[in-house]
Amino acid sequence: MARTKEFDPEAALQSALELFWRRGYEATSMADLVDHLGIARASIYATFGSKRELYLRALERYGRQQQPVLLAELSQPGPVLPAVRALVRRFAGESAADGEGGPRRGCFVTNTAVELAPHDRDAARRVEASLLHLETVLTAALVRARAQGELPEGRDPQAVARMLLVLFQGMRVIGKAGDGSARLGDAAEQALALLD
């Protein structure tokens, strides 16, 4: 008779995500995962495979958690640009507040882009898929905005979406680096001015 797992794999994956997000891939050892998850090393390997495989699954989970929120924010009926403006300000605010009361985490996707993507093809593919999803959601919203007369006819929705994507990722890096609230606020307002 096969033994049942004595832990919830989904809860363990969420816990691993939080640890990797806070510490990064290289700074998180298997011993750290064993301690943090409260699961034996053999059980981690049997359930998730290697540390790298666990990290990549955590990265996928992060995307599944974040993507629906952005899609919901940008696909509401009615005017689009207020939602885009709110999103820009939210990214700036969250990035400025990163680290209040705890470690500076940044964005898990951005952290992976910096730490692993340059030398890990699977991590790079997952980062690219996440960035492409955000670009696609932003582009679709901005196409709607242009069709509704909110965005000038000559403005390329995809180019604007790419500018916002790069801005968001840069905001996460600046926020993780330290107190950049003035920089983040100024950058957000300049980006918003381009939407008019």
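Which charged end sits over the ring of W21? In this predicted model, the charged end of R105 takes that place, 3.4 Å from the centre of the W21 ring.

## Helix α1 and its ends

Helix α1 covers residues 9-23, and its length can be checked by simple reasoning: at 1.5 Å a residue, its 15 residues should span 21 Å, and because its end C-alpha atoms are 21 Å apart, the expectation and the model agree. At the N-terminal end, D8 acts as the cap, with a side-chain oxygen 3.0 Å from the backbone nitrogen of E10. Just after the helix, G24 takes a positive phi of about 95°.

The buried residues of α1 are A12, L13, Q14, S15, A16, L17, L19, F20 and W21. The elements that cover these buried residues include α2 (30-37), α3 (41-48), α4 (51-74) and α6 (108-115).

## A polar contact between α1 and α4

Among the buried residues of α1 is Q14, which has a relative accessibility of 19% and therefore counts as buried, the cut-off being under 20%. Its partner R61 is found in helix α4, and R61 also counts as buried because its relative accessibility is 15%. The side chains of Q14 and R61 are joined by a polar contact of 2.7 Å.

The surroundings of these two residues can be described further, leaving aside neighbours within four places in sequence. On that basis, R61 is in contact with E10, L13, Q14 and L17, whereas Q14 is in contact with R61 and Q65. E10, which R61 contacts, is also the residue whose backbone nitrogen lies 3.0 Å from the capping oxygen of D8.

## Aromatic pairs and charges over rings

The structure holds seven aromatic pairs. In one of them, the rings of F20 and Y25 have their centres 6.3 Å apart and their planes at 25°, so this pair is stacked, the limit for stacking being under 30 degrees. F20 counts as buried because its relative accessibility is 1%, and Y25, with a relative accessible area of 13%, is therefore buried as well.

Another pair is formed by F91 and F168, whose ring centres are 4.0 Å apart and whose planes stand at 10°, so that this pair too is stacked. The F91 and F168 pair links distant parts of the chain, since F91 is in helix α5 (residues 81-97) and F168 is in helix α8 (residues 157-177), 77 residues apart. Both F91 and F168 are buried.

Ring pairs also link F20, W21, Y25, Y55, Y62 and F108 into a cluster. Two rings of this cluster, those of Y25 and W21, have a charge over them: the charged end of K51 sits over the ring of Y25, 4.2 Å from its centre, while the charged end of R105 sits over the ring of W21, 3.4 Å from its centre.

## The largest nonpolar core

The largest nonpolar core has 56 residues, and among these F20, F108, L164, F168 and M171 touch the most other members. Helix α7 (residues 121-147) supplies the largest share of this core, with nine residues. F20 and F108 belong to the aromatic cluster as well, and F168 is the stacked partner of F91.

For M171, the contacts beyond its neighbours within four places in sequence are V88, F91, A92, S95, L184 and A188. F91 is thus named twice in this picture, as a contact of M171 and as the ring stacked with F168.

Definitions and conventions:
Residues are numbered from 1 along each chain as its sequence is written. This is a predicted model: local features need pLDDT of at least 70, side-chain atom pairs count only at pLDDT 80 or more; totals for chains, interfaces and linings use all residues. Side-chain values use heavy atoms; hydrogens and water are left out. Helices (H or I, at least four residues) and strands (E, at least two) are DSSP runs, numbered from the N terminus. The expected span of a helix is 1.5 Å times one less than its number of residues. Buried means under 20% relative accessible area, exposed over 50%, partly exposed in between (1.4 Å probe, protein chains only). Contact means heavy atoms within 4.5 Å. A polar contact is a pair of N or O atoms within 3.5 Å; within protein, one must be able to donate a hydrogen and the other to accept it, and residues adjacent in sequence count only if both atoms are side-chain atoms. A nonpolar core is a set of buried Ala, Val, Leu, Ile, Met, Phe, Trp, Tyr and Cys residues joined through side-chain atoms within 4.5 Å. Rings of Phe, Tyr and Trp (its six-membered ring) pair if their centres lie within 6.5 Å; planes under 30 degrees apart count as stacked, over 60 as edge-to-face and the rest as tilted. A charge sits over a ring if NZ of Lys or CZ of Arg is within 6 Å of the ring centre and within 35 degrees of the ring normal.
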